[in-house]
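Student: Could you take me through chain B on its own, from overall build down to backbone details?

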Amino acid sequence: MATTSPAAPRPKSKSSSLLSTLFSRPLPLYVSAFLLRLVLLLYGLWQDANSPLKYTDIDYLVFTDAARFVSRGESPYARETYRYTPILAWLLLPTTWTAGAQWGPLAAKVINVAWFSFGKVLFAAADLVAGWLIEQVLVMGKDFPSSAAQGKEKDTEKKEGGRKGRSETATGMDPSRARAFAAIWLLNPMVATISTRGSSEGLLGVLVMALLWAVLSRRITLAGLLLGFSVHFKIYPFIYAPAIVWWMDQERLSGLRAGGGQKKTSSFRKNLTCFLTLPRLLLAFTSLATFFSLNFLMYRLYGHPFLQETYLHHVTRIDHRHNFSPYNTQLYLSSASVSPSHSAGAAAAEPKFKIESLAFLPQLVLSTILIPLTLAKKDLPTSLLAQTFAFVTFNKVCTSQYFLWYLVLLPLYLPRSSFWTSKRMGLVALGLWVLGQGLWLQQAYELEFLGRSTFLPGLWMASLGFFVVNCWILGVIVGDGGR
Amino acid sequence: MRERITFIQKQGDSIEPTTLKIKGGVLNGPEIQAAREDRLTIAIDELPTDLQALLGTAHELHIRYVSSQPYEAITPLLARLPPGFHLFYTPAGQANATSPALCLALNQIFGNVQCENPEKSFTTLPRDRFSHSAAYQFYQPSVDLSPFIALAKEKLCSSSKDQSCAARADRLTNASSLDISYDAISHAVKLTATWPYQKQEVHATSRPQTRTEVGVLNSDRPGHLEPHELGISGLLTVLGQDKKPSATMFAFASRHRDAESSFSAEFLEPTGLHPTLKLRLESSKPPIEDAYCSPHAYFTLPKTVFADRHQLSDDLFLASKNLTRLRYISQPVDLEAPEYVEKRWGSSLLLELSPPEHEESKSWTAQVPLHLRYLSPAEGGYTDIQVPYPAVFWACAAEEGTKFPNNPFEKANLGYDGLFGPRTVFWHVEPRPTIGSRLSNMIKVPVLDTNKAEWVSGGTGLAVLLGFAWIMWKLFGVLSKFGYQNQPSQAAEVVKAKKNQ
């Protein structure tokens, strides 16, 4: 998982001509990102065909099985553990296609494998688009067009794709430097491996980045559509809604300071009417309409299993299996003690206050209220990163694929972070983050493969240690976001 | 009530008719090396009313208890099942599938049978192709036979003073198998107990109102024997009726045969949370030539452990484990739930094994990848579970047109027989453990140690609270310094204000 800053090329380094060539023009970066994924994809095909240990992620087999059910006119939820929107199974329908009879056996085999890999290609392509969007957002600057003075130019700039006057804004970035930071995502071996193994997280990356791009470039309807769609796809992007809404104040969208020059008297009603701007209502309407119409459609098509597997499962799941979450040991302990058929020892004997029943409180207070309230108007990308980081850190379940959720936002924050200005601090943070996982993974390995009972204190302490490291990093991000 | 007592010797071990002494309903004979089978057939109206009522809810019910002590099977008592308590059940109406009556009765008769009702606790068997399969299956690795033995004494022995009857009931403790079989068509319950091949005295006593038939038999090979048939010869006596035993010889088609080889099963170390069971088969050669044969392993896995059918669908993976394919797995198998929330007894699966292709027979292994469920936290951090041996057999196709009518020693409804076509013959491989003396393997499962769990709740709460407080502190710092407004636009406003001046 050692994938962040040290692996990322340093854009300032003039000594390395290779690196500057890589980032000076778009082509070399995107071609190498493409080649990285192509090599991994082909290697994966080779390993799958020649080794009983598979490169392909188990989730990919779940998706493609579900797609096969769909292709037969059945429900994707006929595949157990398919816990995603049916759209994912529809997208992967080409994985069920096979070569026609006119092909020879060898050609047919190649065609079948190619079709089966369609999903991985799609996820890898989503990675590249997400990376390109990262570059666009960085070039655009965190608050483009930031000042009222640019309000008049807004329309013309939009038509030109926002290329004009970039260097004038304080936060806009030189494209080659932007590409260097986008490389943290594009050339990240972890990201490339996850998508070429067939995990769908790359799709989320492109959706979130497109959402941010749409918001920053004031494409409100598109932003609403993307927000509604991504929440339908994976729920967690709902935490971005308050930040975006809070950010979209009148001055930003119309260039006018709301209530400026008028009397300072403020009443609740006036504040409310000031708050309920047309763009905000438009965003709320388009996102809710997208979300509910998609859900309504899926419910009509697949009925209760859709609701159960995609949404309700997250309410009823026990999450007793070991994962990075600080709550994990507690959840295992309490899930066993509520079961009436077993006596689970002393801990279960007396009914105790259950700390985990309030777990959603710090998580949601931070990620949906306090962080967006404090940071969104100052620095929207950093706010989104901090929110995602808080959501993942305080979640009741946490696995390494969740790290991708904030990794895609990292290149937007890093250039102005304390972790970048002080390289030592950055290395310490990265080192602790990797070490925290390493300690946990070592304990998990002893449990999973050697059969040692490392739940207590090993795994528990390791997950708390990792949690503390994450909290420290989050605190620094929050502090940076305020500057 | 009818009783049939059969002593079965190996081929060539027959006894002289004169050695059997029959006197007033008592038969005595020499001590011989033999297996023994006792079968009691009880008409439904001879049963106590509560059991009558219970069986009234069943279309068919087969309970098969198999001892975990290894035993040598003797022709024709060849059908094998994994050791443990098996139950096959077809309710008379669907309402009975949700009624707890059967489970309550099982708990009374056998003690500690972990079931709530058939719908929740049993698995369903496929009934599309072969209708002779029961609707539901249940299994658990062990039961306590003592309540059943007490019940048998109470109901079957005429008085508490009948010591020989009580002793016979007590001998059920040593039985290698016990079958209780009922179906609505025959309107009778058959109790069949078998004891392993060992030295024992030929002895039988008739019981009042019971026709008792005693056979001292041995497997034989009469001249006209067809390849799919077994031959039996020996002496039959009906107690209280015959003055001397009558010689007999007969042949019958049997779906269960002896492959005359053995296997053992053990887990690869370390077991971890994903144990692999290694089957070692003594022979790689099919039991018969000129027939299509392939070796199979039939597992009944308690809910503590399960196989993932998706993992067992990849040909390369299967081949690397010397498996051909997963022929059947009961559905559904939850791949995530911990043991303590899982209501179903577990799962059954049938794996086709892939023997090495060699001219001469040699020993070989197949590996079965399994997964453990999380178990309840326990003191000390470990819980031992037992994983029973599978039943291993070569399934061979009999010739076209071969019929297998019921035979006097036939067992049907074994869980796996319904998964094969009606012409399949099962050549059983004898389980012979190399480690320990039981037909099951123990796994030490790591669980959360309740002795150390004291601080988990408080510690977790404290850590979360501290982390939360730190971030709140940082947020408060930002808010108190800069407020929640947009910094650059405020700056822009300042610029605007200056311009206006």
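**A close look at chain B**

Tutor: Sure, starting with burial: 54% of the 501 residues in chain B are buried, meaning under 20% relative accessible area with a 1.4 Å probe and protein chains only, where exposed is over 50% and partly exposed lies in between. This is a predicted model, where local features need pLDDT of at least 70, side-chain atom pairs count only at pLDDT 80 or more, and totals for chains, interfaces and linings use all residues. Residues are numbered from 1 along each chain as its sequence is written, chains are lettered from A and ligands numbered from 1 in the order written, and side-chain values use heavy atoms, without hydrogens and water.

As for overall build, the C-alpha trace of chain B spans about 135 × 60 × 40 Å along its principal axes. Its secondary structure comes to 8 helices and 24 strands, taken as DSSP runs (helices H or I, at least four residues; strands E, at least two) numbered from the N terminus.

On to the backbone details. Thr75(B) to Pro76(B) is a cis peptide bond, omega near 10 degrees, and Pro76(B) sits in the loop between strands E4 (58-66) and E5 (84-91). Gln331(B) to Pro332(B) is also cis, with omega near -5 degrees; Pro332(B) belongs to the loop between strands E17 (323-329) and E18 (346-353). Then there's Asp290(B), a non-glycine residue with a positive phi near 50 degrees. You'll find Asp290(B) in the loop between strands E14 (276-281) and E15 (293-302), and Asp290(B) is exposed at 82% relative accessibility.
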